[in-house]
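Q: Please take a close look at a single part of this structure and describe its surroundings in a connected account. I would like the description to begin with one residue and to widen step by step from there.

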Amino acid sequence: MIEVKNIVKQFGEQTVLKGVSTRFEAGMTNLIIGQSGSGKTVFLKSLLGIHTPDSGTISFDGRIYSELSNDEKRALRTEIGMVFQGSALFDSMTVEENIGFPLKMFTNKTPAEIKERVDFVIDRVHLVNAHHKRPSEISGGMQKRVAIARAIVNNPKYLFCDEPNSGLDPKTAIVIDNLIQEITQEYNITTVINTHDMNSVMEIGEKIVFLKNGLLEWEGSNKEIFKTDNAAVTDFVYSSELFKRVRKMYLEDDVK
Amino acid sequence: MLIRYLSQIGKYFIMLKEIFNKPTKWSVMKQLILKEVDDLIIGSLGIVAFISFFVGGVVAIQTALNLTNPLIPKYLIGFATRQSVVLEFAPTFISIIMAGKMGSFITSSIGTMRVTEQIDALEVMGVNSLNYLVFPKIIALLLYPFVIGLSMFLGIFGGWMAAVYGGFTSSPEFITGLQTEFIPFHIAYAFIKTFTFALLLATIPSFHGYYMKGGALEVGQASTVSFVWTSVVIILMNFILTQLLLS
(Lines give C-alpha, C1' and ligand atoms only; values in the text may rest on other atoms or scores of the structure.)
Protein backbone atom coordinates (compact mmCIF):
# COMPACT_ATOMS: atom_id res chain seq x y z
CA MET A 1 0.00 0.00 0.00
CA ILE A 2 1.23 3.48 -0.87
CA GLU A 3 -0.02 6.40 1.17
CA VAL A 4 0.46 9.95 -0.05
CA LYS A 5 -0.08 12.78 2.43
CA ASN A 6 -0.41 16.35 1.31
CA ILE A 7 2.48 16.48 -1.17
CA VAL A 8 3.49 19.80 -2.65
CA LYS A 9 5.96 20.23 -5.48
CA GLN A 10 7.14 23.52 -6.90
CA PHE A 11 9.34 24.27 -9.90
CA GLY A 12 10.55 27.84 -9.53
CA GLU A 13 7.48 30.02 -9.17
CA GLN A 14 5.11 27.35 -10.42
CA THR A 15 3.40 25.03 -7.93
CA VAL A 16 2.65 21.83 -9.84
CA LEU A 17 1.28 19.74 -6.94
CA LYS A 18 -0.69 21.71 -4.38
CA GLY A 19 -1.20 19.25 -1.55
CA VAL A 20 -2.30 15.90 -2.94
CA SER A 21 -3.33 13.13 -0.53
CA THR A 22 -4.52 9.67 -1.48
CA ARG A 23 -3.93 5.99 -0.85
CA PHE A 24 -3.15 3.20 -3.34
CA GLU A 25 -4.10 -0.27 -2.08
CA ALA A 26 -2.24 -3.50 -2.86
CA GLY A 27 -3.83 -5.90 -5.35
CA MET A 28 -5.66 -3.05 -7.09
CA THR A 29 -5.05 -1.20 -10.33
CA ASN A 30 -4.90 2.46 -9.37
CA LEU A 31 -5.16 4.94 -12.23
CA ILE A 32 -4.07 8.57 -12.27
CA ILE A 33 -5.90 10.62 -14.87
CA GLY A 34 -6.10 14.29 -15.73
CA GLN A 35 -5.50 16.75 -18.52
CA SER A 36 -2.03 17.54 -19.80
CA GLY A 37 -0.40 19.92 -17.30
CA SER A 38 -2.55 18.71 -14.41
CA GLY A 39 0.50 17.37 -12.55
CA LYS A 40 0.10 13.62 -13.30
CA THR A 41 3.68 13.06 -14.47
CA VAL A 42 5.17 15.06 -11.60
CA PHE A 43 2.95 13.09 -9.21
CA LEU A 44 4.11 9.75 -10.64
CA LYS A 45 7.77 10.86 -10.64
CA SER A 46 7.38 11.97 -7.02
CA LEU A 47 6.06 8.51 -6.13
CA LEU A 48 9.05 6.99 -7.90
CA GLY A 49 11.50 9.23 -6.05
CA ILE A 50 12.67 10.94 -9.26
CA HIS A 51 11.28 14.25 -7.91
CA THR A 52 11.54 15.11 -4.22
CA PRO A 53 8.35 16.77 -2.92
CA ASP A 54 8.84 20.14 -1.18
CA SER A 55 6.50 19.03 1.59
CA GLY A 56 4.25 16.11 2.46
CA THR A 57 5.07 12.42 2.77
CA ILE A 58 4.91 9.29 0.65
CA SER A 59 4.97 6.01 2.53
CA PHE A 60 5.42 2.52 1.12
CA ASP A 61 3.78 0.08 3.54
CA GLY A 62 4.60 2.36 6.43
CA ARG A 63 8.12 3.30 5.25
CA ILE A 64 8.19 7.07 4.76
CA TYR A 65 10.41 7.62 1.72
CA SER A 66 11.89 10.95 2.80
CA GLU A 67 12.95 9.46 6.14
CA LEU A 68 14.80 6.47 4.65
CA SER A 69 18.60 6.32 4.48
CA ASN A 70 20.21 6.10 1.03
CA ASP A 71 20.72 2.35 1.45
CA GLU A 72 17.10 1.88 2.51
CA LYS A 73 15.97 3.94 -0.50
CA ARG A 74 18.04 1.74 -2.82
CA ALA A 75 16.58 -1.37 -1.21
CA LEU A 76 13.08 0.03 -1.68
CA ARG A 77 13.80 0.76 -5.33
CA THR A 78 14.51 -2.91 -5.93
CA GLU A 79 10.92 -3.54 -4.82
CA ILE A 80 9.64 -1.23 -7.55
CA GLY A 81 8.88 -2.21 -11.15
CA MET A 82 8.33 0.47 -13.76
CA VAL A 83 6.85 0.32 -17.24
CA PHE A 84 7.87 3.43 -19.16
CA GLN A 85 5.79 5.13 -21.83
CA GLY A 86 8.32 4.25 -24.53
CA SER A 87 9.13 0.89 -22.87
CA ALA A 88 12.75 2.05 -22.20
CA LEU A 89 14.23 -1.32 -23.11
CA PHE A 90 18.01 -1.50 -23.36
CA ASP A 91 18.85 -1.45 -27.08
CA SER A 92 22.12 -3.28 -26.65
CA MET A 93 20.47 -6.30 -24.99
CA THR A 94 18.22 -9.07 -26.25
CA VAL A 95 14.70 -9.52 -24.88
CA GLU A 96 15.97 -12.23 -22.55
CA GLU A 97 18.85 -10.07 -21.29
CA ASN A 98 16.53 -7.09 -20.77
CA ILE A 99 14.18 -9.14 -18.64
CA GLY A 100 16.97 -10.80 -16.69
CA PHE A 101 18.74 -7.49 -16.02
CA PRO A 102 17.21 -6.72 -12.56
CA LEU A 103 17.95 -10.29 -11.43
CA LYS A 104 21.54 -10.06 -12.60
CA MET A 105 21.98 -6.71 -10.89
CA PHE A 106 20.24 -7.27 -7.57
CA THR A 107 20.14 -10.97 -6.80
CA ASN A 108 22.70 -13.71 -6.33
CA LYS A 109 20.85 -16.13 -8.58
CA THR A 110 22.91 -18.43 -10.79
CA PRO A 111 22.61 -18.05 -14.59
CA ALA A 112 20.44 -21.19 -14.65
CA GLU A 113 18.08 -19.77 -12.01
CA ILE A 114 17.90 -16.45 -13.88
CA LYS A 115 17.11 -18.28 -17.12
CA GLU A 116 14.37 -20.25 -15.40
CA ARG A 117 12.75 -17.13 -13.93
CA VAL A 118 13.08 -15.21 -17.22
CA ASP A 119 11.45 -18.07 -19.14
CA PHE A 120 8.64 -18.09 -16.56
CA VAL A 121 7.84 -14.38 -16.91
CA ILE A 122 8.22 -14.49 -20.70
CA ASP A 123 5.60 -17.21 -20.67
CA ARG A 124 3.49 -15.21 -18.18
CA VAL A 125 3.29 -12.17 -20.47
CA HIS A 126 2.61 -14.43 -23.47
CA LEU A 127 5.70 -13.53 -25.47
CA VAL A 128 6.41 -15.98 -28.24
CA ASN A 129 9.65 -16.47 -30.21
CA ALA A 130 11.28 -13.30 -28.94
CA HIS A 131 13.94 -14.54 -26.49
CA HIS A 132 16.95 -13.69 -28.62
CA LYS A 133 15.58 -10.69 -30.51
CA ARG A 134 16.61 -7.14 -29.84
CA PRO A 135 13.97 -4.51 -28.92
CA SER A 136 14.25 -2.93 -32.38
CA GLU A 137 13.25 -6.25 -33.97
CA ILE A 138 9.90 -6.62 -32.18
CA SER A 139 6.56 -4.76 -32.40
CA GLY A 140 5.40 -2.01 -30.01
CA GLY A 141 2.96 -4.40 -28.31
CA MET A 142 5.71 -6.96 -27.78
CA GLN A 143 8.02 -4.25 -26.43
CA LYS A 144 5.36 -3.36 -23.85
CA ARG A 145 5.11 -7.02 -22.83
CA VAL A 146 8.90 -7.16 -22.45
CA ALA A 147 8.77 -3.98 -20.35
CA ILE A 148 6.08 -5.54 -18.13
CA ALA A 149 8.06 -8.77 -17.88
CA ARG A 150 11.19 -6.81 -16.86
CA ALA A 151 9.15 -4.85 -14.31
CA ILE A 152 7.73 -7.96 -12.63
CA VAL A 153 10.69 -10.35 -12.92
CA ASN A 154 12.08 -9.47 -9.48
CA ASN A 155 8.67 -9.87 -7.78
CA PRO A 156 8.07 -6.16 -7.13
CA LYS A 157 5.70 -5.00 -4.43
CA TYR A 158 4.92 -1.84 -6.38
CA LEU A 159 4.36 -1.50 -10.13
CA PHE A 160 4.24 1.88 -11.85
CA CYS A 161 3.16 2.28 -15.46
CA ASP A 162 3.43 5.51 -17.43
CA GLU A 163 0.96 5.51 -20.32
CA PRO A 164 1.32 1.76 -20.93
CA ASN A 165 -1.06 1.89 -23.92
CA SER A 166 0.36 4.81 -25.81
CA GLY A 167 1.07 4.00 -29.44
CA LEU A 168 -0.78 0.68 -29.33
CA ASP A 169 -3.80 -0.36 -31.37
CA PRO A 170 -7.04 -0.70 -29.33
CA LYS A 171 -6.97 -4.49 -29.30
CA THR A 172 -3.37 -4.72 -28.09
CA ALA A 173 -4.07 -1.93 -25.57
CA ILE A 174 -6.83 -4.02 -24.00
CA VAL A 175 -4.57 -7.07 -23.89
CA ILE A 176 -1.88 -5.02 -22.09
CA ASP A 177 -4.46 -3.55 -19.66
CA ASN A 178 -5.80 -6.99 -18.82
CA LEU A 179 -2.30 -8.36 -18.40
CA ILE A 180 -1.41 -5.61 -15.90
CA GLN A 181 -4.63 -6.21 -13.97
CA GLU A 182 -4.11 -9.98 -13.88
CA ILE A 183 -0.55 -9.62 -12.65
CA THR A 184 -1.60 -7.05 -10.04
CA GLN A 185 -4.22 -9.38 -8.60
CA GLU A 186 -2.15 -12.55 -8.94
CA TYR A 187 0.90 -11.19 -7.09
CA ASN A 188 -0.94 -8.68 -4.87
CA ILE A 189 1.08 -5.76 -6.25
CA THR A 190 0.28 -2.10 -5.62
CA THR A 191 -0.08 -0.89 -9.20
CA VAL A 192 -0.24 2.78 -10.15
CA ILE A 193 -0.91 3.68 -13.78
CA ASN A 194 -0.66 7.10 -15.33
CA THR A 195 -2.99 7.18 -18.32
CA HIS A 196 -4.94 9.24 -20.82
CA ASP A 197 -6.71 6.21 -22.19
CA MET A 198 -10.40 6.23 -21.27
CA ASN A 199 -10.74 2.58 -22.31
CA SER A 200 -8.26 1.73 -19.55
CA VAL A 201 -10.25 3.83 -17.11
CA MET A 202 -13.42 1.88 -17.91
CA GLU A 203 -11.74 -1.54 -18.14
CA ILE A 204 -9.32 -1.73 -15.22
CA GLY A 205 -9.85 1.40 -13.10
CA GLU A 206 -10.44 -0.15 -9.69
CA LYS A 207 -9.38 3.15 -8.18
CA ILE A 208 -9.16 6.33 -10.21
CA VAL A 209 -7.50 9.53 -9.05
CA PHE A 210 -8.41 12.59 -11.10
CA LEU A 211 -5.96 15.49 -10.86
CA LYS A 212 -6.76 19.02 -11.93
CA ASN A 213 -4.38 21.96 -11.66
CA GLY A 214 -2.21 20.13 -9.15
CA LEU A 215 -5.09 19.19 -6.85
CA LEU A 216 -6.93 15.95 -6.32
CA GLU A 217 -10.30 16.81 -7.85
CA TRP A 218 -12.01 13.45 -7.53
CA GLU A 219 -11.33 9.81 -6.67
CA GLY A 220 -13.41 6.69 -7.02
CA SER A 221 -13.81 3.49 -9.05
CA ASN A 222 -14.72 2.89 -12.71
CA LYS A 223 -18.28 2.15 -11.58
CA GLU A 224 -18.52 5.42 -9.65
CA ILE A 225 -17.09 7.48 -12.49
CA PHE A 226 -20.24 6.83 -14.53
CA LYS A 227 -22.42 8.24 -11.77
CA THR A 228 -20.37 11.20 -10.64
CA ASP A 229 -21.77 14.63 -11.17
CA ASN A 230 -18.40 16.31 -10.74
CA ALA A 231 -18.33 18.62 -13.75
CA ALA A 232 -14.54 18.55 -14.14
CA VAL A 233 -14.51 14.75 -14.27
CA THR A 234 -17.45 14.43 -16.66
CA ASP A 235 -15.99 17.15 -18.91
CA PHE A 236 -12.69 15.28 -19.08
CA VAL A 237 -13.79 11.65 -19.20
CA TYR A 238 -16.87 12.13 -21.36
CA SER A 239 -15.42 14.66 -23.76
CA SER A 240 -16.05 12.38 -26.76
CA GLU A 241 -19.53 11.68 -28.15
CA LEU A 242 -18.89 7.95 -27.87
CA PHE A 243 -18.20 8.07 -24.15
CA LYS A 244 -21.18 10.41 -23.59
CA ARG A 245 -23.41 7.74 -25.19
CA VAL A 246 -21.76 4.95 -23.22
CA ARG A 247 -22.39 6.85 -19.99
CA LYS A 248 -26.00 7.56 -20.92
CA MET A 249 -26.64 3.89 -21.69
CA TYR A 250 -24.90 2.81 -18.48
CA LEU A 251 -27.00 5.19 -16.38
CA GLU A 252 -30.22 4.11 -18.16
CA ASP A 253 -29.37 0.44 -17.52
CA ASP A 254 -28.62 1.27 -13.91
CA VAL A 255 -32.06 2.92 -13.47
CA LYS A 256 -33.78 -0.14 -14.96
CA MET B 1 27.26 33.33 -19.80
CA LEU B 2 30.19 32.98 -17.36
CA ILE B 3 27.86 31.71 -14.64
CA ARG B 4 26.48 29.13 -17.07
CA TYR B 5 29.99 27.89 -17.89
CA LEU B 6 30.94 27.78 -14.20
CA SER B 7 27.78 25.90 -13.37
CA GLN B 8 28.52 23.37 -16.15
CA ILE B 9 32.08 22.91 -14.86
CA GLY B 10 30.72 22.38 -11.33
CA LYS B 11 28.19 19.88 -12.63
CA TYR B 12 31.00 18.03 -14.46
CA PHE B 13 33.01 17.62 -11.24
CA ILE B 14 29.92 16.50 -9.30
CA MET B 15 29.40 13.93 -12.05
CA LEU B 16 32.99 12.71 -11.64
CA LYS B 17 32.37 12.17 -7.92
CA GLU B 18 29.07 10.39 -8.57
CA ILE B 19 30.71 7.96 -11.04
CA PHE B 20 32.63 6.37 -8.17
CA ASN B 21 29.63 6.12 -5.80
CA LYS B 22 27.69 2.90 -5.30
CA PRO B 23 29.61 0.62 -7.66
CA THR B 24 27.84 -1.83 -9.93
CA LYS B 25 28.16 -5.54 -9.14
CA TRP B 26 31.56 -6.79 -10.37
CA SER B 27 30.15 -9.68 -12.42
CA VAL B 28 28.11 -7.16 -14.44
CA MET B 29 30.83 -4.48 -14.52
CA LYS B 30 33.40 -6.95 -15.88
CA GLN B 31 31.29 -7.54 -18.98
CA LEU B 32 30.63 -3.83 -19.43
CA ILE B 33 34.37 -3.09 -19.30
CA LEU B 34 35.15 -5.76 -21.89
CA LYS B 35 32.44 -4.38 -24.17
CA GLU B 36 33.85 -0.85 -23.84
CA VAL B 37 37.39 -2.11 -24.54
CA ASP B 38 36.04 -3.65 -27.72
CA ASP B 39 34.03 -0.57 -28.77
CA LEU B 40 36.48 2.15 -27.77
CA ILE B 41 39.96 0.62 -27.95
CA ILE B 42 39.87 -2.27 -30.40
CA GLY B 43 37.42 -0.38 -32.61
CA SER B 44 39.84 2.55 -32.87
CA LEU B 45 42.97 0.62 -33.79
CA GLY B 46 42.32 0.54 -37.55
CA ILE B 47 41.83 4.27 -38.03
CA VAL B 48 44.69 5.13 -35.63
CA ALA B 49 47.05 2.78 -37.49
CA PHE B 50 46.06 4.17 -40.89
CA ILE B 51 46.37 7.84 -39.91
CA SER B 52 49.60 7.38 -37.93
CA PHE B 53 51.39 5.49 -40.69
CA PHE B 54 50.62 8.06 -43.38
CA VAL B 55 51.07 11.16 -41.24
CA GLY B 56 54.46 9.80 -40.07
CA GLY B 57 55.36 9.37 -43.74
CA VAL B 58 54.26 12.91 -44.58
CA VAL B 59 56.29 14.38 -41.67
CA ALA B 60 59.41 12.58 -42.95
CA ILE B 61 58.87 13.73 -46.56
CA GLN B 62 58.14 17.34 -45.53
CA THR B 63 61.27 17.41 -43.37
CA ALA B 64 63.38 15.90 -46.15
CA LEU B 65 62.10 18.39 -48.71
CA ASN B 66 62.98 21.29 -46.42
CA LEU B 67 66.55 20.11 -45.79
CA THR B 68 68.03 21.86 -48.82
CA ASN B 69 71.29 22.92 -47.17
CA PRO B 70 73.93 20.18 -47.76
CA LEU B 71 75.52 21.03 -44.40
CA ILE B 72 72.45 19.82 -42.53
CA PRO B 73 72.77 16.08 -41.93
CA LYS B 74 70.12 13.76 -43.39
CA TYR B 75 69.67 11.96 -40.07
CA LEU B 76 67.62 14.99 -39.00
CA ILE B 77 64.73 13.44 -40.97
CA GLY B 78 64.58 10.61 -38.41
CA PHE B 79 65.11 13.03 -35.53
CA ALA B 80 62.29 15.37 -36.66
CA THR B 81 59.93 12.46 -37.32
CA ARG B 82 60.58 11.03 -33.85
CA GLN B 83 60.12 14.37 -32.09
CA SER B 84 56.95 15.31 -34.00
CA VAL B 85 55.30 11.92 -33.63
CA VAL B 86 56.25 11.17 -30.01
CA LEU B 87 55.76 14.63 -28.55
CA GLU B 88 52.71 15.93 -30.36
CA PHE B 89 51.20 13.93 -33.17
CA ALA B 90 50.52 10.65 -31.35
CA PRO B 91 49.36 11.89 -27.95
CA THR B 92 47.63 15.14 -28.90
CA PHE B 93 46.41 14.93 -32.46
CA ILE B 94 45.33 11.32 -32.29
CA SER B 95 43.40 12.30 -29.13
CA ILE B 96 41.63 15.05 -31.05
CA ILE B 97 40.75 12.58 -33.78
CA MET B 98 39.53 10.22 -31.05
CA ALA B 99 37.41 13.05 -29.60
CA GLY B 100 35.56 12.87 -32.92
CA LYS B 101 35.42 9.11 -33.19
CA MET B 102 35.10 7.83 -29.62
CA GLY B 103 33.63 11.05 -28.24
CA SER B 104 30.71 11.26 -30.63
CA PHE B 105 30.05 7.53 -30.15
CA ILE B 106 29.96 7.97 -26.36
CA THR B 107 27.77 11.10 -26.46
CA SER B 108 25.31 9.70 -28.97
CA SER B 109 24.98 6.31 -27.26
CA ILE B 110 24.44 7.82 -23.78
CA GLY B 111 22.28 10.63 -25.23
CA THR B 112 20.05 8.11 -26.99
CA MET B 113 19.68 6.23 -23.71
CA ARG B 114 18.65 9.52 -22.08
CA VAL B 115 15.99 10.42 -24.65
CA THR B 116 14.55 6.91 -24.72
CA GLU B 117 14.26 6.87 -20.89
CA GLN B 118 16.76 3.99 -20.55
CA ILE B 119 18.75 6.04 -18.01
CA ASP B 120 15.54 6.73 -16.05
CA ALA B 121 14.85 2.99 -16.12
CA LEU B 122 18.28 2.30 -14.58
CA GLU B 123 17.73 4.94 -11.88
CA VAL B 124 14.25 3.68 -11.00
CA MET B 125 15.67 0.17 -10.61
CA GLY B 126 18.18 1.57 -8.10
CA VAL B 127 21.24 1.39 -10.39
CA ASN B 128 23.78 4.24 -10.18
CA SER B 129 23.50 5.04 -13.88
CA LEU B 130 26.68 7.15 -13.94
CA ASN B 131 28.71 4.33 -12.49
CA TYR B 132 27.04 1.81 -14.80
CA LEU B 133 27.58 3.90 -17.95
CA VAL B 134 30.73 5.96 -17.43
CA PHE B 135 32.97 3.93 -15.10
CA PRO B 136 33.53 1.09 -17.64
CA LYS B 137 34.56 3.71 -20.21
CA ILE B 138 37.14 5.19 -17.85
CA ILE B 139 38.57 1.74 -17.10
CA ALA B 140 38.58 0.77 -20.79
CA LEU B 141 40.45 3.96 -21.62
CA LEU B 142 43.23 2.97 -19.24
CA LEU B 143 44.30 0.98 -22.32
CA TYR B 144 44.40 4.17 -24.38
CA PRO B 145 48.19 4.56 -23.92
CA PHE B 146 48.48 1.25 -25.80
CA VAL B 147 46.69 2.90 -28.76
CA ILE B 148 49.02 5.90 -28.56
CA GLY B 149 52.07 3.62 -28.25
CA LEU B 150 50.94 1.88 -31.43
CA SER B 151 50.44 5.27 -33.08
CA MET B 152 54.00 6.30 -32.13
CA PHE B 153 55.44 3.09 -33.54
CA LEU B 154 53.47 3.25 -36.79
CA GLY B 155 54.11 6.98 -37.22
CA ILE B 156 57.86 6.43 -37.00
CA PHE B 157 57.62 3.30 -39.15
CA GLY B 158 55.67 5.28 -41.77
CA GLY B 159 58.36 7.98 -41.63
CA TRP B 160 61.10 5.39 -42.10
CA MET B 161 59.28 3.81 -45.07
CA ALA B 162 58.71 7.20 -46.73
CA ALA B 163 62.25 8.43 -46.08
CA VAL B 164 64.07 5.27 -47.11
CA TYR B 165 61.89 4.06 -50.01
CA GLY B 166 61.33 7.64 -51.18
CA GLY B 167 65.08 7.95 -51.59
CA PHE B 168 65.47 10.83 -49.12
CA THR B 169 67.89 9.10 -46.75
CA SER B 170 69.30 5.70 -45.90
CA SER B 171 67.95 3.40 -43.23
CA PRO B 172 71.06 3.66 -40.95
CA GLU B 173 70.94 7.48 -41.19
CA PHE B 174 67.23 7.54 -40.30
CA ILE B 175 67.84 5.24 -37.32
CA THR B 176 70.78 7.41 -36.20
CA GLY B 177 68.37 10.36 -36.24
CA LEU B 178 65.86 8.41 -34.16
CA GLN B 179 68.55 7.80 -31.53
CA THR B 180 70.02 11.32 -31.56
CA GLU B 181 69.52 13.30 -28.37
CA PHE B 182 66.89 10.90 -27.16
CA ILE B 183 65.46 12.04 -23.82
CA PRO B 184 63.59 9.22 -22.08
CA PHE B 185 61.50 11.77 -20.15
CA HIS B 186 59.85 12.76 -23.44
CA ILE B 187 58.23 9.34 -23.51
CA ALA B 188 57.03 9.81 -19.92
CA TYR B 189 55.73 13.28 -20.87
CA ALA B 190 53.83 11.83 -23.84
CA PHE B 191 52.23 9.14 -21.71
CA ILE B 192 51.32 11.53 -18.88
CA LYS B 193 49.49 13.58 -21.51
CA THR B 194 47.91 10.41 -22.91
CA PHE B 195 46.50 9.36 -19.51
CA THR B 196 45.09 12.85 -18.97
CA PHE B 197 43.50 12.89 -22.43
CA ALA B 198 42.09 9.40 -21.85
CA LEU B 199 40.24 10.65 -18.77
CA LEU B 200 38.93 13.65 -20.74
CA LEU B 201 37.91 11.43 -23.67
CA ALA B 202 35.88 9.19 -21.36
CA THR B 203 34.22 11.84 -19.23
CA ILE B 204 33.50 14.98 -21.31
CA PRO B 205 31.50 13.15 -24.02
CA SER B 206 29.72 11.17 -21.28
CA PHE B 207 28.81 14.44 -19.53
CA HIS B 208 27.30 15.88 -22.73
CA GLY B 209 25.33 12.70 -23.42
CA TYR B 210 24.17 12.15 -19.85
CA TYR B 211 22.84 15.64 -19.21
CA MET B 212 21.37 16.30 -22.64
CA LYS B 213 17.72 17.24 -23.00
CA GLY B 214 15.42 16.89 -25.99
CA GLY B 215 15.12 14.35 -28.78
CA ALA B 216 17.01 12.85 -31.71
CA LEU B 217 18.04 16.24 -33.12
CA GLU B 218 19.54 17.25 -29.77
CA VAL B 219 21.52 13.99 -29.63
CA GLY B 220 23.27 15.08 -32.84
CA GLN B 221 23.84 18.57 -31.47
CA ALA B 222 25.19 17.18 -28.20
CA SER B 223 27.69 15.03 -30.16
CA THR B 224 28.96 18.11 -32.01
CA VAL B 225 29.21 20.22 -28.83
CA SER B 226 30.94 17.33 -27.08
CA PHE B 227 33.55 17.07 -29.86
CA VAL B 228 34.22 20.81 -29.72
CA TRP B 229 34.60 20.89 -25.92
CA THR B 230 36.68 17.73 -25.72
CA SER B 231 39.06 19.15 -28.35
CA VAL B 232 39.25 22.54 -26.61
CA VAL B 233 40.00 20.97 -23.23
CA ILE B 234 42.60 18.60 -24.76
CA ILE B 235 44.39 21.55 -26.41
CA LEU B 236 44.30 23.56 -23.16
CA MET B 237 45.55 20.63 -21.09
CA ASN B 238 48.25 20.01 -23.68
CA PHE B 239 49.45 23.58 -23.21
CA ILE B 240 49.32 23.39 -19.41
CA LEU B 241 51.09 20.00 -19.21
CA THR B 242 53.77 21.10 -21.67
CA GLN B 243 54.42 24.21 -19.58
CA LEU B 244 54.54 22.18 -16.39
CA LEU B 245 56.59 19.24 -17.63
CA LEU B 246 58.91 20.60 -20.29
CA SER B 247 59.49 24.28 -19.57
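A: In this predicted model, Phe160(A) has contacts with residues distant in sequence, if neighbours within four places are left aside. These partners are Ile2(A), Leu44(A), Leu47(A), Leu48(A), Phe60(A), Ile80(A), Gly81(A), Met82(A), Val83(A) and Val192(A).

Phe160(A) belongs to strand β7 of chain A, and five of the five residues of β7(A) are buried. Both faces of β7(A) are covered. Tyr158(A), Phe160(A) and Asp162(A) are buried on one side, and Leu159(A) and Cys161(A) are buried on the other. In a regular strand, side chains alternate between the two faces of the sheet.

The strand has a partner in β6(A), to which it is joined by four bridges in the parallel sense. Within this pairing, Met82(A) stands opposite Phe160(A). A further pairing links β7 (residues 158-162) of chain A with β8 (residues 190-194) of chain A, again parallel, over five bridges. There, Thr191(A) in β8(A) is the bridge partner of Leu159(A).

These strands belong to an open sheet of six, arranged in the order β6-β7-β8-β3-β9-β10 (chain A), with mixed pairing. At its edges are β6 (80-83) and β10 (215-220) of chain A, each of which pairs on one side only. On average, and with direction ignored, neighbouring strands of this sheet are turned by 20° against each other.

Helix α6 of chain A is also part of these surroundings, for its buried residues pack against β7 and β8 of chain A, as well as β3 (29-33), α4 (111-124), α5 (140-152) and α7 (198-204) of the chain. The buried residues of α6(A) are Thr172(A), Ala173(A), Ile176(A), Asp177(A), Leu179(A), Ile180(A), Gln181(A), Ile183(A) and Thr184(A). The helix covers residues 170-187, and its 18 residues should span 26 Å at 1.5 Å a residue; the end C-alpha atoms are 26 Å apart, which agrees.

A second sheet of chain A holds other elements of this region. Four strands form this open sheet in the order β2-β1-β4-β5 (chain A), with antiparallel pairing. Its edge strands are β2 (14-24) and β5 (63-64) of chain A, each pairing on one side only. Helix α1 (residues 40-48) of chain A packs on the sheet and touches β1, β2 and β4 (55-60) of chain A; the direction of the helix makes about 60° with that of β2(A). Strand β1 (residues 2-11) of chain A runs antiparallel to β2(A), and eight bridges join the two. Phe11(A) has Gln14(A) in β2(A) as its bridge partner.

The account now widens to the nonpolar cores. The largest nonpolar core has 91 residues, and Phe160(A) is among those with the most contacts inside it, together with Ile2(A), Phe43(A), Tyr132(B) and Tyr144(B). Its largest share, 13 residues, comes from helix α3 (residues 76-115) of chain B. Domain 1 (1-79 + 156-223) and domain 2 (92-155) of chain A both give residues to this core, so the core lies between them. A second, separate core has 47 residues, including Val95(A), Ile114(A), Ala151(A) and Ile180(A). In soluble globular proteins, nonpolar side chains tend to be buried together.

The two domains of chain A have centres, taken over C-alpha atoms, that are 24 Å apart. In the contact between them, 18 residues of domain 1 of chain A meet 14 residues of domain 2 of chain A.

Two loop residues complete the description. Asn155(A) lies in the loop between α5 and β7 of chain A, and its phi is near 50°, a positive value in a residue other than glycine. In chain B, Lys22(B) is found in the loop between α1 (2-19) and α2 (26-66). Phi of Lys22(B) is near 40°, likewise a positive value in a residue other than glycine. Most residues other than glycine have a negative phi. Lys22(B) is partly exposed, with a relative accessible area of 27%.

Note on methods
Residues numbered from 1 in each chain as written. Chains lettered and ligands numbered in written order. Predicted model: local features only at pLDDT ≥ 70, side-chain atom pairs only at ≥ 80, totals over all residues. Heavy atoms only, no water. Pairing = 2+ DSSP bridges. Contact = heavy atoms within 4.5 Å. Axes fitted to C-alpha atoms, helices over the stretch in contact; angles between N-to-C directions. Core = buried A, V, L, I, M, F, W, Y, C linked by side-chain atoms within 4.5 Å. Buried < 20%, exposed > 50% of the residue type's maximum accessible area, 1.4 Å probe, protein only. Domains from an automatic or database assignment. Expected span 1.5 Å × (residues − 1).
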